[in-house]
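Please open the model in a viewer and keep the selection panel at hand. The stops below say what to select next and what is to be found there.

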Amino acid sequence: MKAIRKVKEVRPSVPTLEGAGVRLRRAFGFENAPGLDPFLLLDDFHSDDPDDYLAGFPWHPHRGIETITYVLKGKIEHGDSMGNRGVIGAGDVQWMTAGSGIIHQEMPLETEDSVLQGFQLWANLPAVDKMMTPRYRDVKSRQIPVIDRKNGVRIRLVCGSIDGVAGPVQGIQTGPEFLDVEVQAGAGFSQPLPAGHTVFAYVFSGQGHFDLLKKTLIGPENLVIFGDGDGLEITGGEKGVRFLLVSGKPLREPLAWRGPIVMNTESELRVAFSEYANGTFLKHKAVLE
Ligand code: FE
């Protein structure tokens, strides 16, 4: 690693009401998406009050994107209008490629301790894949490799390849890496990442230093956006730090975005919404992988 990436921006996630009335925190998204191409949105939901989340995300369409749901605590039941359904439980990931279109709902369930904690990331699809056959990759917690480095760093690898280990989700065009990283107090996490890729971290527990300068400790509910370089150096603060680390190759394509549908042109958006209105939105049944 020749050029360690510097922190370009740190911003707190913002309380947001989504779906049918779910209280969550938005790290970025919609009018507040700070050039994180190919990533469009990141929501952080954590609450021990079911009133914050039971309303869920009833029936809605997606086209042209992927949604990646990572649950740490609690359960989310999902189902689509073509009869696919399942439950995303603690430690599980659902990597959903909406492609040409799905109509689904995502409904958090009440569990014994009432706690729900998780994240949803939206990644854009390249123009060439926007109308591909939709697919679900349901990844159970036990399928996610856990890499224990000897120096006090533990990584759960959802997507990408590190330390000679490949994550369970493969073959994504934008070459993303999606890691859940825990760094113990004073330990250092050092990671090469391709230059030119977009890289951000989202802190959800503890505190850490996110670049070599070690000037500021960054704690939970903060999005850390990195400048360019070919590697990262992150150090755990007094109680260690845990964060999502996401990177991917920018698409640099025009964006036409309305609600849950993201295309390249306004006319593609108009087609999508008129198809949704007249019942011709769905083109393919989603494939389960
Ligand atoms: Fe959705």
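Begin by colouring the protein chain of this predicted model by domain: the assignment gives domain 1 as residues 12-142 + 277-289 and domain 2 as residues 144-253. The C-alpha centres of domain 1 and domain 2 are 22 Å apart. Their contact involves 34 residues of domain 1 and 32 residues of domain 2.

**The domain interface**

Display the surface between the two domains. Domain 1 and domain 2 bury about 2,700 Å² between them, and 67% of this area is on carbon and sulfur atoms. Which three residues should be selected on the side of domain 1? Asp-37, Tyr-70 and Trp-95 supply 21% of the area that domain 1 buries against domain 2, more than any other three residues.

Stay with Asp-37 and inspect the backbone that follows. The peptide bond from Asp-37 to Pro-38 is cis, with omega near 10°. Pro-38 belongs to the loop between strand 3 (22-28) and strand 4 (39-47).

**The salt bridge across the interface**

How many salt bridges does the rule find across the interface of domain 1 and domain 2? The rule finds 1. Next, select Glu-221 and Arg-25, which form a salt bridge whose closest N and O atoms are 3.3 Å apart. Glu-221 is located in the loop between strand 19 (198-209) and strand 20 (222-226). With a relative accessible area of 25%, Glu-221 is partly exposed. Its backbone also deserves a look: Glu-221 has a positive phi of about 65°, although it is not a glycine.

A second residue with a backbone of this kind is Arg-252, whose phi is near 50°, a positive value in a residue other than glycine. To find Arg-252, go to the loop between strand 21 (231-248) and strand 22 (256-258). Arg-252 counts as exposed because its relative accessibility is 68%, above the 50% cut-off for that class.

**Further salt bridges**

Now widen the view, since a search of the whole structure finds 14 salt bridges. The pair already visited links distant parts of the chain: Glu-221, in the loop between strand 19 and strand 20, and Arg-25, in strand 3, are 196 residues apart.

Select Arg-26 and Asp-43, which form a salt bridge with their closest N and O atoms 2.7 Å apart. Arg-26 lies in strand 3 and Asp-43 in strand 4, so this pair ties together parts that are 17 residues apart in sequence. Are these two residues buried or exposed? Arg-26 counts as buried at 10% relative accessibility, and Asp-43 counts as buried at 5%. Add Glu-18 to the selection: Glu-18, Arg-26 and Asp-43 are linked in a network of salt bridges.

Then move to Arg-149 and Asp-163, whose side chains meet in a salt bridge at 2.8 Å, N to O. Arg-149 is in strand 13 (residues 146-149), whereas Asp-163 is in the loop between strand 15 (161-162) and strand 16 (165-166), 14 residues apart. The two partners fall into separate accessibility classes: Arg-149 counts as buried at 18%, and Asp-163 counts as partly exposed at 45%.

**The iron site**

Select the iron ion and show the side chains around it. Which residues coordinate the iron ion? The donors are His-60 (NE2), His-62 (NE2), His-104 (NE2) and Glu-106 (OE), at 2.1 to 2.4 Å. Along the chain, these donors follow the spacing H-x1-H-x41-H-x1-E. His-60 in strand 5 (residues 57-62) and His-104 in strand 10 (residues 102-109) link distant parts of the chain, 44 residues apart.

Why is the arrangement irregular? The 4 donor atoms around the iron ion subtend angles of 85 to 177°, which makes it so. A tetrahedral assignment would require all angles to lie between 85 and 135 degrees. Of the histidine ligands, His-60 is buried, with a relative accessible area of 17%, and His-104 is buried at 2%.

**A last stop on strand 10**

Finish at Met-107, which is placed in strand 10. Leaving aside its neighbours within four places in sequence, Met-107 is in contact with residues including Leu-54, Phe-57, Pro-58, Lys-75 and Ile-76. For a distance across the model, pick the C-alpha atoms of Met-107 and Ser-267: they are 160 residues apart along the chain and separated by 32 Å.

Terms used
Residues are numbered from 1 along each chain as its sequence is written. This is a predicted model: local features need pLDDT of at least 70, side-chain atom pairs count only at pLDDT 80 or more; totals for chains, interfaces and linings use all residues. Side-chain values use heavy atoms; hydrogens and water are left out. Donors are N, O and S atoms within 2.8 Å of the metal (3.2 Å for Na, K and Ca); water is not among the atoms, so sites may look incomplete. Four donors count as tetrahedral if all angles lie between 85 and 135 degrees; four count as square planar and six as octahedral if opposite donors are over 155 degrees apart and all others between 65 and 115; anything else is irregular. Helices (H or I, at least four residues) and strands (E, at least two) are DSSP runs, numbered from the N terminus. Buried means under 20% relative accessible area, exposed over 50%, partly exposed in between (1.4 Å probe, protein chains only). Domain bounds come from an automatic or database domain assignment. Contact means heavy atoms within 4.5 Å. Buried area is the accessible area (1.4 Å probe) that two parts lose on being put together, summed over both. A salt bridge is a side-chain nitrogen of Lys or Arg within 4 Å of a carboxyl oxygen of Asp or Glu.
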